[in-house]
Amino acid sequence: MSEAAPAPTAELPPLTPGTLYLVATPIGNLEDITLRALRVLRECDVVAAEDTRHSARLLQHYGIRKPLISCFKFNEARRSEAILERLARGEKVALVTDAGSPGISDPGERVVRAARAAGYRVEAVPGPCALVAALTVSGLPTDEFHFVGFLPHKSGARRKRLEALGGVPGTLVLYESPFRIQRLLEELAEVCPEREVVLARELTKKFEEVLRGRPAELLERARQRPLKGEFVVLVSGPAHPACPSPEDSVA
Ligand code: SAM
C-alpha cells in the first residue's frame with residue numbers, strides 16, 4: 001500500500017542550525033526555482049552570494065529580504081572562514097551563485113570542503129544546472145557523459161586538453177563564453193571534424209535554441225549569423241556514429 005501524501009497543512013521541518021545549504025537558482029527563467037529553495041532562502045540567517053547585487057535582485061523578485069555576504073572565486077578561501085564562524089554560532093547559511101548549481105564551474109567547492117572538514121552539515125537544495133538541461137535536450141547519449149566545464153584560455157593548453165578528451169567515452173559537455181564559441185568550433189573542426197556537435201543556447205530563455213551538426217557546419221552558420229548568448233557545447237563520444245555530412249543526405 002502506498003503512503004498517503006502529506007496533508008497540505010502539515011508543518012514543514014525547520015532548517016537545521018549550523019547547516020550550509022547549497023541552493024540552486026534559475027539559469028534564465030525566474031520560474032525555475034524550487035519551493036524548497038525559496039523556503040531555505042526565506043528561513044536562512046544569511047545568503048552567501050557570488051554577486052550580492054545580482055542575488056539581491058533575485059531575492060527581491062520573490063519578496064525575500066535577507067542579509068547578503070559575498071563569496072566569489074577570489075575571496076572564497078577567506079570567506080570560507082567567515083562562513084565557518086557563522087555555522088559555529090548555529091546560523092543557517094544559504095550559498096547561491098549567479099545562476100544554476102553552486103560548485104559547478106562556480107564558487108562552492110572550497111566552502112563545502114572547509115565546512116565538511118570542520119564537521120558541519122552540508123545540504124544540497126537541487127535545481128537548475130545548465131549542463132543537465134543541455135544534455136537532456138541535446139539528443140546525444142545521456143547514459144555516459146563527461147563534464148569538462150570551461151577549457152583553459154591559452155591556445156596550446158586548449159588544444160592539448162581537446163586532444164586528450166578525444167578518447168574519453170560518452171558525450172562531452174563543455175561550458176564556453178560567447179566570446180570564444182567561434183574559436184571553440186574552429187578547434188573542434190580541426191581536432192574532431194566528424195563528431196556531432198550540439199550548441200544549447202540561451203536555455204530556459206526567450207531565444208532558447210538547439211543547433212546541431214559537424215563543427216564546420218556550425219562554424220559556417222556562425223559566420224552568417226554571429227552566435228550570441230550563453231552556450232553549452234556538447235560533443236558526441238567516440239563510439240557515436242559520425243555525424244552525417246549534408247552531402248550524405250543528397251539523393
Ligand atoms: N553553475 C552554473 C550551472 O549550474 O550550470 C554554471 C555557471 S558557469 C559560470 C556559466 C556557464 O554555464 C555559461 O558560460 C554557459 O556555458 C552555461 N550556462 C549558464 N546558463 C546557461 C543558459 N541559460 N543556456 C546555456 N548555457 C548556460
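Two parts of a structure are in contact when they have heavy atoms within 4.5 Å of each other. Keep that in mind for the helices. One more thing before we start: this is a predicted model.

Let's begin with the open sheet. Five strands form it, in the order 3-2-4-1-5. The pairing is parallel. In general, strands of a sheet pair through backbone hydrogen bonds. Which strands sit at the edges? Strand 3, residues 68-70, and strand 5, residues 121-125. Each of these two pairs on one side only. Neighbouring strands in this sheet are turned against each other by 25° on average, with direction ignored.

Now look at strand 2, residues 46-49. Three bridges join strand 2 to strand 3, and the two run parallel. For one position to find on screen, take valine 47: it stands opposite leucine 68 of strand 3.

Next, the helices on this sheet. Helix 2 covers residues 52-61. It lies across strand 2, strand 3 and strand 4, the last being residues 93-96. Its direction is at about 150° to strand 3. Helix 3, residues 76-88, also packs on the sheet. Which strands does helix 3 touch? Strand 1, at 19-23, then strand 2, strand 3 and strand 4. The direction of helix 3 makes about 145° with that of strand 3.

On to the loops. Serine 105 lies in the loop between strand 4 and helix 4, which is residues 109-117. Its phi is near 50°. That is a positive value, and serine 105 is not a glycine. Is serine 105 buried, partly exposed or exposed? Its relative accessibility is 32%, so it counts as partly exposed.

Compare glutamate 202. This one sits in the loop between strand 8, residues 197-201, and strand 9, residues 209-213. Glutamate 202 also has a positive phi, about 50°, without being a glycine. Why does it count as buried? Because its relative accessibility is 14%, and buried means under 20%.

One more loop residue: alanine 118, between helix 4 and strand 5. With a relative accessible area of 43%, alanine 118 is partly exposed. In sequence, alanine 118 and leucine 87 are 31 residues apart. In space, their C-alpha atoms are 9.9 Å apart.

Back to strand 8. Five of its five residues are buried, so the rest of the structure largely encloses it. Both faces are covered. On one side we have Val197, Leu199 and Arg201. On the other, Val198 and Ala200. What are the partners of strand 8? Five bridges join it to strand 9, running antiparallel. There, leucine 199 has leucine 211 as its bridge partner. Another five bridges join strand 8 to strand 10, again antiparallel. In that pair, valine 198 is matched with leucine 234.

Last stop: the largest pocket. In general, rolling a probe the size of a water molecule over the atoms shows where empty space is left. How much space lies in the largest pocket? About 520 Å³. The lining has 23 residues. Closest to the centre are Ala99, Ala130, Phe150, Tyr175 and Glu230. Strand 7, residues 171-176, and strand 10, residues 231-235, each supply at least two residues of the lining. By class, the lining has 12 nonpolar, four polar and seven charged residues.

That's the tour. Thank you.

Conventions: Residues numbered from 1 in each chain as written. Predicted model: local features only at pLDDT ≥ 70, side-chain atom pairs only at ≥ 80, totals over all residues. Heavy atoms only, no water. Pairing = 2+ DSSP bridges. Helix = DSSP H or I, 4+ residues; strand = E, 2+ residues; numbered from the N terminus. Axes fitted to C-alpha atoms, helices over the stretch in contact; angles between N-to-C directions. Buried < 20%, exposed > 50% of the residue type's maximum accessible area, 1.4 Å probe, protein only. 1 Å grid on protein atoms, 1.4 Å probe; cavity = no way out; pocket = protein on both sides within 12 Å on 5 of 7 lines; lining within 4 Å. Points joined across faces, edges and corners; volume = space filled by probe spheres on them. Nonpolar A, V, L, I, M, F, W, Y, C, P; charged D, E, K, R; others polar.
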